[in-house]
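Thanks for asking me to look this one over. I have put my comments as numbered points, so you can follow them with the structure open beside you.

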Amino acid sequence: MKGSILKIFAKIMIVLTLLFLLLLSPCPQAFLLLQVSWIRRWDWHILTTGIYTYTSDERFNVLHLDGSDDWTLQIKYAEIRDNGTYECQMYTGTGVLSQFVNLHVHTPRAAILGPQELHVQEGDTITLICVIQQSKPPFVFWYHGEKMVNYDSGSHRLSVITKVEGTRTHSRLTIIDARSWDSGNYSCVPPNVEPAFVLVYVTEAGDTVAAVQRRGHTAETQETSSAVRMVFQAFFISCITLLTHFLPVR
């Protein structure tokens, strides 16, 4: 009940706001221009009225040609926060007509092929391939930790090649003659796409023990946590069983 009252109040405020804008209009043709409005429903924000925009977000704009019946709401560089319902209101002499549009913004994701942990030996070649589906970003940045490496003129061992194949974008980072300082977190960061990460470990040639230890560290940690959880559950069940046995039955 309370929600319905608030919605009615919001609609009344929108109508009063539009009337206020009409009264402030400097030209006699303003009534025609103020007939169509775009409203964002989740916060009842009047985005556009006629050819005028009423938001500080410069991504929003209304497209309209003189003599046309089309009033198009344009949102540049759409983001997840733009998800929701938008209402187009047209004011006529007999009332208000509304048309609702549900916007769902899908954010593409990047993926680095292979395992999340890559183990190589010094002198090997590191090859990381990042794939972005359903998106064609103008560029793809690669980072080693916090440092962007695409244009690292100080490393002749590193190269980045990005290609578009159909609906996919492939970016390949290659590091030849790997060294221990090449170890670390590598991330593939295209614009307007969720980035991808991979951990690279470079060990001394022939040092397979260190690589095996690192590879098994994550699994060992997970097994330990699982074992602790099982012990705790068994202890809890035992306590409940003992209490049930010794408590008097009514």
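The points below go from the whole chain to its sheets, its disulfide and a surface patch.

1. **What kind of model this is.** Please keep in mind that this is a predicted model. Every value I quote is computed from that model.

2. **The chain as a whole.** How many helices and strands does the protein chain have? There are 3 helices and 16 strands, so most of my comments are about how strands pair up. Of the 250 residues in the protein chain, 27% are buried. The exposed surface comes to about 17,200 Å², and carbon and sulfur atoms supply 60% of it. Looking at contacts between residues at least 6 apart in sequence, 54% join residues at least 24 apart.3. **The antiparallel sheet.** An open sheet of 5 strands runs in the order β3-β2-β1-β6-β7, with antiparallel pairing. Its edge strands are β3 and β7 (95-103), each of which pairs on one side only. Inside this sheet, β1 and strand β6 (residues 84-92) pair in the antiparallel sense over 5 bridges. If you want a spot to look at, tryptophan 38 stands opposite cysteine 88 in β6. Cysteine 88 is buried, with a relative accessible area of 16%.

4. **Arginine 40, a charged residue to check.** Is arginine 40 buried or exposed? Its relative accessible area is 12%, under the 20% limit, and therefore arginine 40 counts as buried. Arginine 40 sits in strand β1 (residues 36-40). Beyond its neighbours within four places in sequence, arginine 40 is in contact with His45, Leu47, Phe60, Thr85 and Tyr86.

5. **The mixed sheet.** A second open sheet to look at also has 5 strands, in the order β9-β16-β15-β11-β12, and its pairing is mixed. Which strands stand at its edges? They are β9 (117-121) and β12 (147-148); each has a single partner strand, so one side of each is left without a neighbour in the sheet. The pairing of β9 with strand β16 (residues 196-203) is parallel and covers 5 bridges. Within that pair, leucine 118 has valine 200 of β16 as its bridge partner.

6. **Strand β10 and its partners.** Strand β10 pairs with strand β8 (residues 110-112) in the antiparallel sense over 3 bridges. There, alanine 111 has valine 131 in β10 as its bridge partner. Strand β10 also pairs with strand β14 (residues 168-175), again in the antiparallel sense, over 8 bridges. Leucine 128 and leucine 173 of β14 are bridge partners. As a reminder for reading these strands, side chains in a regular strand alternate between the two faces of the sheet.

7. **Isoleucine 126.** This residue is worth a click. Isoleucine 126 lies in strand β10 and counts as buried at 1% relative accessibility. How far apart are isoleucine 126 and threonine 174 in sequence and in space? They are 48 residues apart in sequence and 5.6 Å apart in space, C-alpha to C-alpha. Setting aside neighbours within four places in sequence, isoleucine 126 is in contact with Leu118, Val120, Leu173, Thr174, Ile175, Ala178, Asp182, Val200 and Val202. Two of those names should be familiar by now: leucine 118 and valine 200 are the bridge partners in the pairing of β9 with β16.

8. **The disulfide.** How many disulfides are there? The count comes to 1 disulfide. The bond joins cysteine 130 to cysteine 188, with S to S at 2.0 Å. Cysteine 130 lies in strand β10 (residues 126-133) and cysteine 188 in strand β15 (residues 184-189), so the pair ties together parts that are 58 residues apart in sequence. The link is left-handed, with -80° about the S-S bond. Cysteine 130 is buried at 0% relative accessibility, and cysteine 188 is buried at 0% as well. In terms of the points above, strand β15 belongs to the mixed sheet, while strand β10 pairs with β8 and with β14.

9. **A nonpolar patch on the surface.** Which residues make the nonpolar surface patch? Ile51, Tyr52 and Tyr54 make it, and the patch is about 250 Å². Isoleucine 51 is placed in the loop between β2 (45-49) and β3 (52-53). With a relative accessible area of 42%, isoleucine 51 is partly exposed. For orientation, β2 and β3 are strands of the antiparallel sheet, and β3 is one of its edge strands.

Methods
Residues numbered from 1 in each chain as written. Predicted model: local features only at pLDDT ≥ 70, side-chain atom pairs only at ≥ 80, totals over all residues. Heavy atoms only, no water. Helix = DSSP H or I, 4+ residues; strand = E, 2+ residues; numbered from the N terminus. Buried < 20%, exposed > 50% of the residue type's maximum accessible area, 1.4 Å probe, protein only. Contact = heavy atoms within 4.5 Å. Areas by Shrake-Rupley, 256 points an atom, 1.4 Å probe, with all protein chains shown as cover. Patch = residues over 30% accessible without salt bridge, like charges linked within 9 Å, V, L, I, M, F, W, Y side chains within 5 Å. Salt bridge = Lys/Arg side-chain N within 4 Å of Asp/Glu carboxyl O. Disulfide = S-S within 2.5 Å. Pairing = 2+ DSSP bridges.
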